[in-house]
Amino acid sequence: MSKTYKICLIEGDGIGHEVIPAARLVLEATGLKFEFVEAQAGWETFERIGTSVPEATLEAVTHTDATLFGAATSPTKKVPGFFGAIRYMRRKLDLFANVRPAKHHPVPGSRPGVDLIVVRENTEGLYVEQERTYLEGEIAIADTVITRKASARIGEYAARLAASRPRKQLHVAHKANVLPMTQGLFMNTVLAEAARFPEVKTQDIIIDNCAMQLVRNPERFDVIVTTNLFGDIISDLTAGLVGGLGIAASGNIGTRHAVFEPVHGSAPDIAGKGIANPAATILSGVMMLEHLGEHEIARRVEAAVDKVLEEGPRTPDLGGSATTLQFAEAVARAI
């Protein structure tokens, strides 16, 4: 008998309430068996019950095979007691690898030939959020935390990922020339882990040169691994190479759990209008299918997305007039 996958669906905020149902429709069209569990997280949840991620949601995530998250709103100023839902789950569930593919799709602004993945260490660096001020706010200092353990873990993950891809190339992006203790620890630890995969061609690259080369010659890159802040920045850069955040998918992957999400925000300006582009969420679902081992189905869904992106119907952000549901239905028919 075929396996039934238990999937946690979290709509989140704004257009999350539209793109997650669209992605569910596509998943149901694959012929695989799913049991969907719905959970809540995000700013709307915080406003309602005082926490962005209820314990019941963590329970749902930990007791399912994978999670698909929609979108989250972040307030523009500090709100006492609020912690971003995705950041909270990353820490609480030790989702140490943030994985951001940047692959050419038939949309305006996408550069043919680009097919790379940014692997970002997801648990430390500057994002430990250890900040303080002195002299009545005249001086602000933030700690950065780099550990050998976390660097080795992300290094092994990135090298193993590179080994699974046709080109088998890995770039370790860093700033060890200026920060030899923290960035040097990261670089040297990752290089040591990558050396365990002799089939992978590995080299280090200074992060600012990496950014320039991504703009000038992104086709040269296969897998890039870097620290939290640098990865956050260059993964948006790479999304810009292939059409922008509207089709950018991502995964937050740990040893035991994984949460997949589109990179775009909650888009309050169009929320509730039914015109949000669900492609990034569907492509996040493709990543989820790959994670579950359903590689052939994942390829079929991705091909269906490309067919609809190329032939229509397109959503307004891509120059068409299709609704979110119409786009998803077209992808489901194309599978």
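Contact here means heavy atoms within 4.5 Å, and that is the sense in which the neighbours of Asn-277 are listed in the first legend. The model shown is a predicted one.

**Figure 1. Asn-277 and its surroundings.** Let's start in a loop: Asn-277 sits between strand 12 (258–262) and helix 9 (279–291). Is Asn-277 buried or exposed? With a relative accessibility of 7%, Asn-277 falls under the 20% limit and so counts as buried. Setting aside residues up to four places away in sequence, the side of the list that comes early in the numbering has Val-19, Gly-246, Ile-247 and His-264, and the rest is Thr-315, Asp-317, Leu-318 and Phe-327. One of these, Asp-317, also makes a polar contact with Asn-277, side chain to side chain, at 3.2 Å. Then there's the start of the helix: a polar atom of the Asn-277 side chain lies 2.9 Å from the backbone nitrogen of Ala-279.

**Figure 2. Where domain 1 meets domain 2.** The protein chain splits into domain 1, made of 1–103 plus 248–334, and domain 2, which covers 129–241. Measure between the domain centres, using C-alpha atoms, and you get 26 Å. At the interface, 12 residues of domain 1 touch eight residues of domain 2. How much area is buried between domain 1 and domain 2? It comes to about 870 Å², with carbon and sulfur atoms giving 54% of that. On the domain 1 side, Phe-96, Arg-100 and Ala-102 do a lot of the work: they supply 51% of the area that domain 1 buries against domain 2, more than any other three residues.

**Figure 3. Charged and polar pairs across the domain interface.** Side chains of opposite charge can pair when their charged atoms come close. How many salt bridges are there between domain 1 and domain 2? The count is four. Zoom in on Glu-129 and Arg-91, which form a salt bridge with their closest N and O atoms 2.9 Å apart. Polar contacts across the interface of domain 1 and domain 2 come to five residue pairs, both partners being at pLDDT 80 or more. As for secondary structure, helix 4 (85–92) and strand 4 (97–103) are the elements that each give two or more residues to the side of domain 1 touching domain 2. Strand 4 gives the most, with four residues. Sorted by class, that side of domain 1 has eight nonpolar residues, four charged ones and no polar ones.

**Figure 4. Ala-102 in strand 4.** This view picks out Ala-102, which belongs to strand 4. Ala-102 counts as buried because its relative accessibility is 0%. Which residues does Ala-102 contact, leaving aside neighbours within four places in sequence? They are Val-114, Asp-115, Leu-116, Thr-238 and Val-242. For a sense of scale, the C-alpha atom of Ala-102 is 18 Å from that of Ala-159, a residue 57 places away along the chain.

**Figure 5. A buried salt bridge between Arg-90 and Glu-261.** The structure holds 18 salt bridges, and this one joins Arg-90 to Glu-261, with 3.6 Å between the closest N and O atoms. The two partners come from distant parts of the chain: Arg-90 is in helix 4 and Glu-261 is in strand 12, 171 residues apart. Arg-90 and Glu-261 are both buried.

**Figure 6. Asp-208 and Lys-175, a pair with unlike exposure.** Here the side chains of Asp-208 and Lys-175 meet in a salt bridge, 3.1 Å from N to O. This is another link between distant parts of the chain, with 33 residues separating Asp-208 in helix 7 (residues 207–216) from Lys-175 in the loop between strand 8 (169–174) and helix 6 (182–194). Asp-208 is partly exposed, at 46% relative accessibility, while Lys-175 is buried, at 18%.

**Figure 7. Arg-299 and Glu-296 within helix 10.** The last close-up stays inside one element, helix 10 (residues 295–311), where Arg-299 and Glu-296 lie three residues apart, about one turn of the helix. Their side chains form a salt bridge with an N to O distance of 3.0 Å. Arg-299 is partly exposed, with a relative accessible area of 46%, and Glu-296 is partly exposed at 46% as well. Elsewhere, salt bridges with shared partners tie Arg-24, Glu-28 and Glu-38 into one network.

Definitions and conventions:
Residues numbered from 1 in each chain as written. Predicted model: local features only at pLDDT ≥ 70, side-chain atom pairs only at ≥ 80, totals over all residues. Heavy atoms only, no water. Domains from an automatic or database assignment. Buried area = accessible area lost by both parts, 1.4 Å probe. Polar contact = N/O pair within 3.5 Å; in protein donor to acceptor, adjacent residues only side chain to side chain. Nonpolar A, V, L, I, M, F, W, Y, C, P; charged D, E, K, R; others polar. Buried < 20%, exposed > 50% of the residue type's maximum accessible area, 1.4 Å probe, protein only.
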